[in-house]
Amino acid sequence: MFAVMGATGRVGRSIAEQLLERGDRVRALGRSRERLAELAAAGAEVRAGDAADAGYLTDAFAGADAVYTLLPYDVGTTDYFGDQRRAGEAIVRAARESGVRHLVFLSSLGADRPSGTGPIASLAEQEERLRRLDGVHRLVLRPGYFFENFAEALAAIRRHGVYADAYQPDLAFPMVATGDVARAAAEALVRRDWQGLVVRELLGPRDLSLAEATRILGGHLGRPDLDYVRLPYADVVRALVELGFSEQVAGLTVDLARAVNEGRVRSAAGRTAESTTATGFEEFAGELVRAHALT
């Protein structure tokens with residue numbers, strides 16, 4: 001049996017679905033029982049609760065062959081690092097007290113640095129907690145920028161005819177489909193073929209710039225002249241606040257873009273066959289546009 005945190009999110013849900021399709025027993029964890037209902041209908045055991053509640057997590061991890069973990073957050077929080085610390089400490093305590101032997105943690109590129117990376121600094125802190133966790137085999141997955149982040153840009157493209165963000169236009173960096181991240185996590189949960197603490201990067205098929213990704217997306221939208229516009233950091237903070245982000249999380253999000261632009265968020269190990277994932281952005285962009293009926 002596998003316990004999957006964040007089972008209503010992009011990665012966690014895909015992991016749970018893949019395991020259920022294999023015929024494995026899945027305990028799906030999330031904040032809302034209502035949002036877990038579809039997985040329950042598919043055969044998962046569901047447990048709703050607070051990710052920062054060590055007691056809840058201990059019960060949920062008990063009896064699992066392996067657990068998938070992450071640090072969920074609310075873009076409206078005014079105590080981002082406090083929230084992340086409480087959830088991280090609860091996961092470690094639950095792993096220790098439940099007796100689970102294998103744990104997968106969703107981290108990020110850039111978590112090799114303790115600071116200067118915006119919200120990723122909380123993942124670096126959790127990796128350090130996991131390094132001190134004895135008696136559990138831990139696999140840390142460090143993916144690049146998610147393809148799915150472009151889904152949030154489609155409405156802006158429809159309204160303004162451009163895609164705008166704080167990243168340098170022609171700076172290529174690792175981008176990856178969350179489906180590939182979920183496949184890597186699900187396979188690891190099933191195989192449990194690592195010992196101690198192992199870090200694995202997931203880098204997509206190739207590095208990609210925002211300008212190139214926008215051109216590819218524009219081709220699928222029937223807008224071959226679609227432009228990417230780099231905005232000043234302060235403008236992006238204001239735009240995120242208007243979308244419901246707290247000032248703190250908006251600022252951290254822009255700090256991440258600054259860290260990427262300045263080369264602080266990058267692969268620590270270099271691209272390898274193992275870290276290169278299958279789904280290309282060209283394929284993903286077509287599926288994204290069709291899913292949003294914008295063609």
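Q: What covers the buried residues of helix H11?
A: In this predicted model, the buried residues of H11 are Phe281, Phe284, Ala285, Gly286, Leu288 and Val289. The elements that cover these buried residues include helix H6 (154-160), E11 and H8.

Q: Which residues of H8 meet H11?
A: On the H11 side, the contact involves Phe281, Glu282, Ala285, Gly286, Leu288 and Val289. By class, the contact of H8 with H11 has seven nonpolar, two polar and one charged residues. The residues that H8 brings to this contact are Ala213, Ile216, Leu217 and His220.

Q: How are H8 and H11 oriented to each other?
A: The axes of helix H8 (residues 210-220) and helix H11 (residues 281-291) come within 9 Å and cross at roughly 45°, and H8 passes H11 in a right-handed crossing. Angles under 35 degrees would count as roughly parallel and those from 65 to 115 as roughly perpendicular. The crossing angle of roughly 45° belongs to neither class, and the two helices are therefore oblique.

Q: Which strands stand at the edges of the sheet that contains E9?
A: Three strands form an open sheet with mixed pairing, in the order E7-E9-E11. Each edge strand has a single partner strand, so one side of each is left without a neighbour in the sheet. The edge strands are E7 (145-146) and E11 (207-208).

Q: Which residue in E11 is the bridge partner of Phe173?
A: Strand E9, which spans residues 173-176, is joined to E11 by two bridges, and these two strands run antiparallel. Within E11, the residue bridged to Phe173 is Leu208.

Note on methods:
Residues are numbered from 1 along each chain as its sequence is written. This is a predicted model: local features need pLDDT of at least 70, side-chain atom pairs count only at pLDDT 80 or more; totals for chains, interfaces and linings use all residues. Side-chain values use heavy atoms; hydrogens and water are left out. Two strands pair if DSSP finds at least two bridges between them. Helices (H or I, at least four residues) and strands (E, at least two) are DSSP runs, numbered from the N terminus. Axes are lines fitted to C-alpha atoms, for helices over the stretch in contact, and angles run from 0 to 180 degrees between N-to-C directions. Angles under 35 degrees count as roughly parallel, over 145 as roughly antiparallel, 65 to 115 as roughly perpendicular and the rest as oblique. A crossing is left-handed if the near helix is turned anticlockwise from the far one by less than a right angle, and right-handed if clockwise. Contact means heavy atoms within 4.5 Å. Ala, Val, Leu, Ile, Met, Phe, Trp, Tyr, Cys and Pro count as nonpolar, Asp, Glu, Lys and Arg as charged, and the others, Gly among them, as polar. Buried means under 20% relative accessible area, exposed over 50%, partly exposed in between (1.4 Å probe, protein chains only).
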